[in-house]
Amino acid sequence: MLEVARGALSKMATRLDAPVQYAFRLGDEQIAVNPMIGKTVRLEFLGAIHCSHCGRKTKSSYSQGYCYPCMQKLAQCDLCIMSPERCHYDAGTCRDPAWGEQFCMTDHVVYLANSSGIKVGITRATQIPTRWIDQGATQALPIMRVATRQQSGFVEDLLRSQVADKTNWRALLKGDAAPVDLLHVREQIFDACAGGITELQQRFGLQAVQPLVDQSVVEIRYPIEGYPAKITSFNLDKNPVAEGTLLGIKGQYLMFDTGVINIRKYTAYQIAASCAA
Ligand SMILES: [Zn+2]
């Protein structure tokens, strides 16, 4: 085994290609992961976690990579990030209005994706297709453009009556979802939710809430040589080593013959990555 890098782990960098190209991000280094498929790969937690924001050593990671004080104070760790419809920027109580302006008071896209089945999701316009790849979607289609994160939350709320908003990660790691005609699903949803969409347009303006009808479906293929026979998760907090033959990568999951690991869960952990020659 040859150590390829060590440092603070971030979620893998991705590039849309056929298949998706992945890179480990450890500290300042990026190491391509696709060439490691089929080889023995080892990730070892070196015992320290440093907050992604302040760098302070923390016993546990909160909100994927932060120390407890930062989790309580940073805008990106506020409840409204998980529940965008609860955005309180307009009330003047945003934890960090400058951050809010950059990340929330900006164009968002509502999309349909097929990951472990059809789901609706939201993302900043600039995060396409990264968000889809991080979720392991095999198909995706932008269906609405809105002016703020909060509005995207309202639209998602509305569409949730028609489609799920969660990914079943176990199903995701068992195989590819059956292809779906997302254009057809979009039309069904627009029909079913026409009244609700009109209400949002009356409230925020036609410019703010725009259905997208000219988009095409993006197909995403992942580098996968095989799926694990049985899905067990590595837990680096309990056992610091995850090792096995790397079968493939989907979303932010590495799939080994010995188990799976969600890389994102270990953001800010000090990790050493090794690979057999
Ligand atoms: Zn911190």
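This passage describes the zinc site, a β-sheet, a helix and several salt bridges of a predicted model.

The zinc ion is held by four cysteines. The SG atoms of Cys51, Cys54, Cys67 and Cys70 coordinate the metal at 2.3 Å. Along the chain, these donors follow the pattern C-x2-C-x12-C-x2-C. The angles subtended by the four donor atoms run from 103 to 114°, so the arrangement is tetrahedral. Four donors count as tetrahedral if all angles lie between 85 and 135 degrees. For reference, the ideal angle for four tetrahedral donors is 109.5 degrees. Among the ligands, Cys67 and Cys70 are both buried.

Eight strands form an open sheet. Their order is β3-β2-β1-β13-β4-β10-β11-β12, and the pairing is antiparallel. The edges are occupied by β3 (29-32) and β12 (259-262). Each of these two has a single partner strand, so one side of each is left without a neighbour in the sheet. From one strand to the next, the twist averages 45°. At the β3 edge, the contact can be followed in more detail. Strand β2 covers residues 21-26 and is joined to β3 by four bridges. The two strands run antiparallel. Within this pairing, Phe24 has Ile31 of β3 as its bridge partner.

Helix α5 spans residues 149-159 and is mostly covered. Nine of its eleven residues are buried. The buried set consists of Arg149, Gln150, Gln151, Ser152, Gly153, Phe154, Val155, Glu156 and Leu159. Charged and polar side chains are thus named alongside Phe154, Val155 and Leu159. The N-terminal end of α5 is capped by Thr148. In this cap, a side-chain oxygen of Thr148 lies 3.4 Å from the backbone nitrogen of Gln150.Across the whole structure, 14 salt bridges are found. One of them pairs Arg95 with Asp78, and the closest N and O atoms are 3.6 Å apart. Arg95 lies in the loop between α2 (79-82) and α3 (97-103), and Asp78 in the loop between α1 (68-73) and α2, so the pair ties together parts that are 17 residues apart in sequence. Arg95 is partly exposed, at 34% relative accessibility. Asp78 is buried, because its relative accessible area is 12%, and buried means under 20%.

A second salt bridge joins Asp134 to Arg264, with 4.0 Å between the closest N and O atoms. This pair links distant parts of the chain, 130 residues apart. Asp134 belongs to helix α4 (residues 130-134), while Arg264 sits in the loop between β12 and β13 (269-275). The accessibility of the partners was also computed. Asp134 counts as buried, with 12% relative accessibility. Arg264 has a relative accessible area of 25% and is therefore partly exposed.

Asp157 and Arg160 form a further salt bridge. Their closest N and O atoms are 2.7 Å apart. Asp157 is partly exposed at 34% relative accessibility, and Arg160 is partly exposed at 33%. This pair is part of a network. Salt bridges with shared partners join Glu156, Asp157, Arg160, Asp165 and Lys166. Glu156 of this network is also among the buried residues of α5.

Note on methods: Residues numbered from 1 in each chain as written. Predicted model: local features only at pLDDT ≥ 70, side-chain atom pairs only at ≥ 80, totals over all residues. Heavy atoms only, no water. Donors = N, O, S within 2.8 Å, 3.2 Å for Na, K, Ca; no water. Tetrahedral: all angles 85-135°; square planar, octahedral: opposite > 155°, others 65-115°. Buried < 20%, exposed > 50% of the residue type's maximum accessible area, 1.4 Å probe, protein only. Pairing = 2+ DSSP bridges. Axes fitted to C-alpha atoms, helices over the stretch in contact; angles between N-to-C directions. Polar contact = N/O pair within 3.5 Å; in protein donor to acceptor, adjacent residues only side chain to side chain. Salt bridge = Lys/Arg side-chain N within 4 Å of Asp/Glu carboxyl O.
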